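Trainee: I have a structure to read and I am new to this. Can you take me through some features, step by step?

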Amino acid sequence: MPEPVPEEKPEGQAPEEPTAEDAPPADGESGNTSLSGLFVEKPPESIVGIAGGDLTIIAKVDSTTLTRKPTMKWLKGKWMDLGSKAGKHMQFKETYDRNTKIYTYEMKIIKLVAGDSGGFRCEVTAKDKCDSSTFEISVEAAQQDTQQADILSAFKRADGGEDDGNLDFSALLKATKKKKMVKEIPEIDVWELLKSAHPSEYEKIAFEYGITDLRGMLKRLKKMKVVEPKHSEAFLKRLDSCYSVEKGKKIVLRCEVVDPDVQVKWLKNGQEIKPSAKYIMECLGNVRTLTINRTSLADDAAYECVVGEDKCFTEVFVKEPPVTITKLMDDYHVVVGERVEFEIEVSEEGAHVMWFFEDIELVKDKDSTKFRFKKDGIKHTLIILEATLDDIGMYHAWTNGGHTKGELEVEEKQLEVLQDIADLTVRATDQALFKCEVSDEKVTGKWFKDGVEVVASDRIKMTHIGRFHRLLIDNVKPEDAGDYTFIPDGYALSISAKLNFLEIKVDYVPRQDPPKIHLDTTGNMVSQNTIIVVAGNKLRLDVEITGEPAPTCVWTKGDKQITENEGRIRVEARKDLSCFVIEGAEREDEGNYTICVTNPAGEDKAMIFVKIVDVPDPPENVRCTSVGEDCGTILWDAPVFDGGAPLKGYLMERKKKGSSRWTKLNFDVYEPTTYEAKRMIEGVYYEMRVFAINSIGLSQPSLTSKPFMPIAATSEPIRLSVHDVTDSTCTLKWLAPEKIGAGGLDGYIIEYCKEGDTEWVVANQELCERQGFVVRGLPVGEKIDFRVVAVNIAGRSPPASLGQPVTIREIMEYPKIRLPRDLRTRFIRKVGEKINLTIPFQGKPRPVATWLKDGQPIDPTMVSIRNSNVDSILFIRSAEREHTGKYELVLKIENMEDRAAIQIQIVDKPGPPQKLHVTEVWGFNAATEWEPPKDDGNCEITGYTIQKADLKTKEWFTVYEHNRRTNCTATDLIMGNEYMFRVYSENLCGRSDDPCFCKNTAVIAKTDLEIKRAPYTKKDKSCAPKFTQPLVDRSVVAGYSTAISCSVKGYPKPKIVWMKNKMILGENPKFLMRNYQGVLTLNIRKPGTFDSGKYSCIAVNDLGKEEVECKLSVRLPTDPDKAKEE
């Protein structure tokens, strides 16, 4: 979200203290709730803003006790997340104070409107902690005297954007508003007009009275109507007050009506909705639903369900999914006038991206062409056509779900001379050419001779092609000699050279004159016999020779004679001159060259050293030696060949790994071979390269360094404390560092030293990954200092130390057994179950734990005991009856002790009852008695189960269950039967395995009874045939088997006859006739068109006759391809 420009205190600034203590909470929530007390400063409970002004709400959160950065949400009502509404109307800002560790969150509402009124909530969460605060915003008109007019003007927003989501008729009704606002509003109450109007007339009223924010007025109207709720006679359950849905998803609006047969109408913003693929209306019993498929921002509106004169309302809010930034913005380092393109990629095409320069939003302006914005699918580009020094700073790109930034650095143009002007020596009528090359091909300039600007003529021509500037002088004259200077326009720079005119003197020479070499020591001559040539340039050395007769000239390099008249290296002979030419000088051309002239009168020699200078080789072995949080130290080796000229320094460039854009790190020449690159992003891989510079120019770039990542060491661990101390150990505990960074956390190193010493000893050989460690082998009684260091790939963090040394000595602590609550009463288990009791205790030094059973030591073969420093465990793998008893744990430290007793009871199923017999029989009843079992299973008998069985069937049936007495009466016995009985005993473990059988039986004697049977009359089932299901007309496709069926009833069973066109169907295999329990079926196998006709079925028996018939049509199949062509 964009960070808004900090404003002074706007007109609608929230007051410092709440002014309405009894303000109702938003949407039924309680007032300012404090779940964990994270807020240091909460928004006031009631905030009043002025319509048209700005409003800023501030909340502050203390993060000193938090392990993670808190997350803040601003909500309206209970559910609507305002983060998705960020834009021109709502802006959010977050700042962090490192000193106080307090986060400050701001929500700014720009140009308040009446629709911004309502209940709001800010909610902060951090891992397992959360806190929230509710507040109410009320928007008042600017002038109280014209309240009605101001309320209406609040809905007339001419600058409504995408975030408003409301109707905007301002462009269409601008003239209408000016006329009707003055005349109509004072006479007619628009609110009352809207209250009484039908929703279909809302837009008509909006046009008539110039209302541009119809939806906002409907919201206010809805709140005004809710004040007096009416009982709905048409609706059992109304629509919810509002719905929220993400863009592109489906939403279902649901209500219930009283009458399941009533028809409903659905309205959107007062207009009836017609069923379509997007809007699906369903009716299921009393439930009426409206389904909106693939929601868009146009579906963000008010909806109604109308039943007769009754209606219910709701609002649908469509939330756009957060758009993330998939490709981050690169940094740029350019010179004045260059083009800059900041490019990013987002997760969704057509997403809205906001560009900011520092805190100023960049928008498209017709009057200014400085910034251009380009959208190409998911790519968004900010273009600066010509960068200036005013453009230096940080550029931001914001979406509703992401943020990236890139830095722009702009340097003044620095013009470099790539090729200097060489001094020339020419003769009369020859041609002189001055040529220079600069780094910028757009730069123009002027030529001067001895400080006077040179004017072009037929003999003097000046050209500018690319980076080359030339001055050509034809037919050189003596007055052309002098100093020539080229001055680029706009730069304090000049390039000079000298033109020497070679005069031809005619003297009287005797016939015999020894040869003489006349070397010109000006121009490129560094010393008397050295010439420096830039690699790639042309060397032309004109040597004047005198002598009579004309001497012979020979050029040699070492032992090799140069005789070529053509080619790259050649010798040109002219009268009184010997020209030595090297085209495109190379490094191999460097060396001593000898000119030897001879004639009969003598010989003369001269040696010239030609030195070739070039740009240096690229630097070597570029590497990163160390990194920091946002910096890295780069080291490289000087180039092997310096180009023949001393190195002036180096230029460095860097780029992000995977990117193709290099950023210059320095514009001024940097002399050392180590450089600290700064202002990098932690956790991002970078690559570096270096250029070498000498007086000739810039070398090729070095090989790219290995990728490196700026990573900082973590901050120091926090809350280091001593957990426990013994005679030789000390247990330390701490929390993870507050700041870990992109390098992560590999572990911890624990160090200690004696008080007063400076040598720290490492306590752990390997990194400790936990946040606790036991330092062992410490001397008793010594005072020891401890410290803990966090380690990651970047190195060690600052150490966390204790405030004072720790004395290594065991602390005596009285033994104490902490018996669990469930063991303080009788502990009951069944035979065969496992018993595992853990009894925690405390005491120092380590207590001695002893177990006793009934006052005697425990037999280790029956019970397993395990003791540790903090607890004792009693374990029985399979409990038996003999394990029952009183167990006592005795804890001793020297002469101190503590005891705890546990009563364990092992129970089993009881034995069978004894002496069961029948004591009395009367009527249909029998009384039985018995005695309790000898073995009660080591617990109380809870009841008995009595069962009976007839001696004839010997099937047992339960008479009573859970009978607590030792006698029972069985009732409802059957006369004439003899019964036997058995009894099971029951306890906590269940019923006994074996019953106790009765020794005698109970006989229920018969009495004299007479059975009176009703007379039997045979029922007459005779019935004439009658069809209960007739035949049905059918139309079938030829070639596909079909069947016709009907059903008949009749007694005696009727005879069935099938007929086609009044002709009886015989034993034709094409027809299969079936009769199954009165269902008659005629199967026709693969019918043709000739099988069409009337089919009838006749049922006949002795009592009558019945007939049914149907028509069967057989049609030919159609070809789908031909049907499409037709």
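Trainee: Is Glu 931 buried, partly exposed or exposed?

Mentor: Start with the scale: buried means under 20% relative accessible area, exposed over 50%, and partly exposed lies in between (1.4 Å probe, protein chains only). Glu 931 has 35% relative accessibility, so Glu 931 counts as partly exposed. Keep in mind that this is a predicted model: local features need pLDDT of at least 70, side-chain atom pairs count only at pLDDT 80 or more, and totals for chains, interfaces and linings use all residues. Residues are numbered from 1 along each chain as its sequence is written, and side-chain values use heavy atoms, with hydrogens and water left out.

Trainee: Which residue forms a salt bridge with Glu 931?

Mentor: First the general idea. Side chains of opposite charge can pair when their charged atoms come close. The test for a salt bridge is a side-chain nitrogen of Lys or Arg within 4 Å of a carboxyl oxygen of Asp or Glu. Here the partner is Lys 915, with the closest N and O atoms 3.8 Å apart. Glu 931 sits in strand 72 (residues 925–931) and Lys 915 in strand 71 (residues 914–922), 16 residues apart. Strands are DSSP runs of E, at least two residues long, and helices are runs of H or I, at least four; both are numbered from the N terminus. Lys 915 has a relative accessible area of 48%, so Lys 915 is partly exposed.

Trainee: How many salt bridges are there in the whole structure?

Mentor: A search finds 47. One of them joins Arg 568 and Asp 589, with 2.7 Å between the closest N and O atoms. Both residues lie in loops: Arg 568 between strand 42 (560–562) and strand 43 (569–574), Asp 589 between strand 44 (577–582) and strand 45 (591–599). Arg 568 is partly exposed at 31%, whereas Asp 589 is buried at 3%.

Trainee: Are Glu 653 and Arg 689 buried or exposed?

Mentor: Both are buried. Their side chains form a salt bridge, 2.8 Å from N to O. The pair links strand 49 (residues 647–656) with strand 52 (residues 686–694).

Trainee: Now sheets. In what order do the strands of the open sheet with strand 62 run?

Mentor: Strands of a sheet pair through backbone hydrogen bonds, either parallel or antiparallel. Two strands count as paired if DSSP finds at least two bridges between them. In this sheet the order is 62-64-68-67, and the pairing is antiparallel. Strand 62 (813–817) and strand 67 (864–867) are the edges, each pairing on one side only. Strand 67 pairs with strand 68 (residues 871–876) over four bridges. Asn 867 has Ser 872 in strand 68 as its bridge partner.

Trainee: Which residues have the most contacts inside the largest nonpolar core?

Mentor: A nonpolar core is a set of buried Ala, Val, Leu, Ile, Met, Phe, Trp, Tyr and Cys residues joined through side-chain atoms within 4.5 Å. The largest has 28 residues, and the best-connected ones are Ile 57, Met 72, Trp 74, Leu 82, Met 107, Phe 135 and Ile 137. Strand 3 (55–62) and strand 9 (129–140) are among the strands that each supply at least two residues of this core.

Trainee: How many helices and strands are in the chain?

Mentor: Six helices and 88 strands. Of its 1126 residues, 40% count as buried.
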